[in-house]
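Dear colleague,

Please find below the structure that I am handing over to you. An account of what was found in it follows.

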Amino acid sequence: MSIEDNKRIVQEFCHHFRTSNADGLIDGMTEDATWWVNGKPHLFSSAGTKTKAEAASMFRNMFSAYKNGLDMKIINMIGEGDSVATEARSQATTKSGKIYENEYFILFKVRDGKISLVREYTDLMHVQETVG
């Protein structure tokens, strides 16, 4: 696949956050996909490496906390080979009325038209403070 194809796949994948489409995210990942989030797993449950099944559970838990999905806007995107690096910002309102806004650097690896690896860097203290 071309770099432009890989960028399009990442854009489409990120759109599923906006619509709280956990199934779309899961279907967009290879069977052996992993999702890594910065931080210490003993301090933050979302930190560390997750399998596709664990990421699916993480998505469903996350979407259950928001009123209308997580608006994930890609600010910048660079691609090379099978890698797509993104700078993104999110905004959501929790069901308890708190505003969640965070910034991310996310590295995606694309294989056979699907996401095979994610490395997400974000402010986990804000996640803890807002979502719990």
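Helices and strands are here DSSP runs, of at least four residues for a helix and at least two for a strand, and they are numbered from the N terminus. Under that numbering, Ser20 lies in the loop between helix 1 and helix 2. Please bear in mind that the model is a predicted one.

The sheet

An open sheet is formed by 6 strands in the order 2-1-6-5-4-3, and the pairing is mixed. At its edges are strand 2 (48-51) and strand 3 (71-80), each of which pairs on one side only. From one strand to the next, the twist averages 20 degrees.

Two of the pairings illustrate what "mixed" stands for. Strand 1 and strand 6 run in the parallel sense and are paired over 5 bridges; within this part of the sheet, Trp35 stands opposite Val118 of strand 6. By contrast, strand 5 (residues 99-111) and strand 6 (residues 114-122) pair in the antiparallel sense, over 8 bridges. Here Lys109 has Leu117 in strand 6 as its bridge partner.

Strand 5 and strand 6 also form a hairpin, with 2 residues between them. Asp112 belongs to the loop that joins these two strands. This residue has a positive phi of about 55 degrees although it is not a glycine. Is Asp112 buried or exposed? Asp112 is exposed, because its relative accessible area is 72% and the cut-off for exposed is over 50%.

Ser20, introduced above, makes a useful companion case. Ser20 likewise is not a glycine, yet it has a positive phi of about 55 degrees. With a relative accessible area of 29%, Ser20 is partly exposed.

The helices against the sheet

Helix 1 (residues 3-18) packs on the sheet, where it touches strand 1 (29-37), strand 3, strand 4 (83-93), strand 5 and strand 6. The direction of helix 1 makes about 165 degrees with that of strand 3.

Helix 3 (residues 52-65) lies across strand 1, strand 2 and strand 4, and runs at about 60 degrees to strand 1. Its length can be checked by a short calculation. At 1.5 Å a residue, the 14 residues of helix 3 should span 20 Å, and the end C-alpha atoms are indeed 20 Å apart, so the two values agree. Which residues of helix 3 are buried? They are Lys52, Ala55, Ala56, Met58, Phe59, Phe63 and Ala65. The cover over these buried residues includes helix 1, helix 2 (22-27), strand 1, strand 2 and strand 4.

The nonpolar core

In soluble globular proteins, nonpolar side chains tend to be buried together. In this model, the largest nonpolar core has 34 residues, and those with the most contacts inside it are Phe17, Trp35, Phe59, Phe108 and Ile115. At least two residues of this core come from each of helix 1, helix 2, strand 1, helix 3, strand 3, strand 4, strand 5 and strand 6.

Phe17 may serve as an example. Apart from neighbours within four places in sequence, Phe17 is in contact with Leu25, Trp35, Phe59, Met62, Phe63, Gly69, Leu70 and Met72.

Two buried residues to examine

Ser90 lies in strand 4. Ser90 counts as buried because its relative accessible area is 5%, and the cut-off for buried is under 20%. What does the side chain of Ser90 make a polar contact with? The partner is the side chain of Tyr104, at 2.8 Å. If neighbours within four places in sequence are left aside, the residues in contact with Ser90 are Leu70, Asp71, Met72, Tyr100, Glu101, Asn102 and Tyr104.

Tyr66 is located in the loop between helix 3 and strand 3. Although it is in a loop, Tyr66 is buried, with a relative accessible area of 5%. Not counting residues up to four places away in sequence, Tyr66 touches Ala92, Thr93, Thr94, Lys95, Tyr100 and Val131. The C-alpha atoms of Tyr66 and Ser96 are separated by 8.5 Å, while the two residues are 30 residues apart along the chain.

With kind regards

Notes
Residues are numbered from 1 along each chain as its sequence is written. This is a predicted model: local features need pLDDT of at least 70, side-chain atom pairs count only at pLDDT 80 or more; totals for chains, interfaces and linings use all residues. Side-chain values use heavy atoms; hydrogens and water are left out. Two strands pair if DSSP finds at least two bridges between them. Axes are lines fitted to C-alpha atoms, for helices over the stretch in contact, and angles run from 0 to 180 degrees between N-to-C directions. Contact means heavy atoms within 4.5 Å. The expected span of a helix is 1.5 Å times one less than its number of residues. Buried means under 20% relative accessible area, exposed over 50%, partly exposed in between (1.4 Å probe, protein chains only). A polar contact is a pair of N or O atoms within 3.5 Å; within protein, one must be able to donate a hydrogen and the other to accept it, and residues adjacent in sequence count only if both atoms are side-chain atoms. A nonpolar core is a set of buried Ala, Val, Leu, Ile, Met, Phe, Trp, Tyr and Cys residues joined through side-chain atoms within 4.5 Å.
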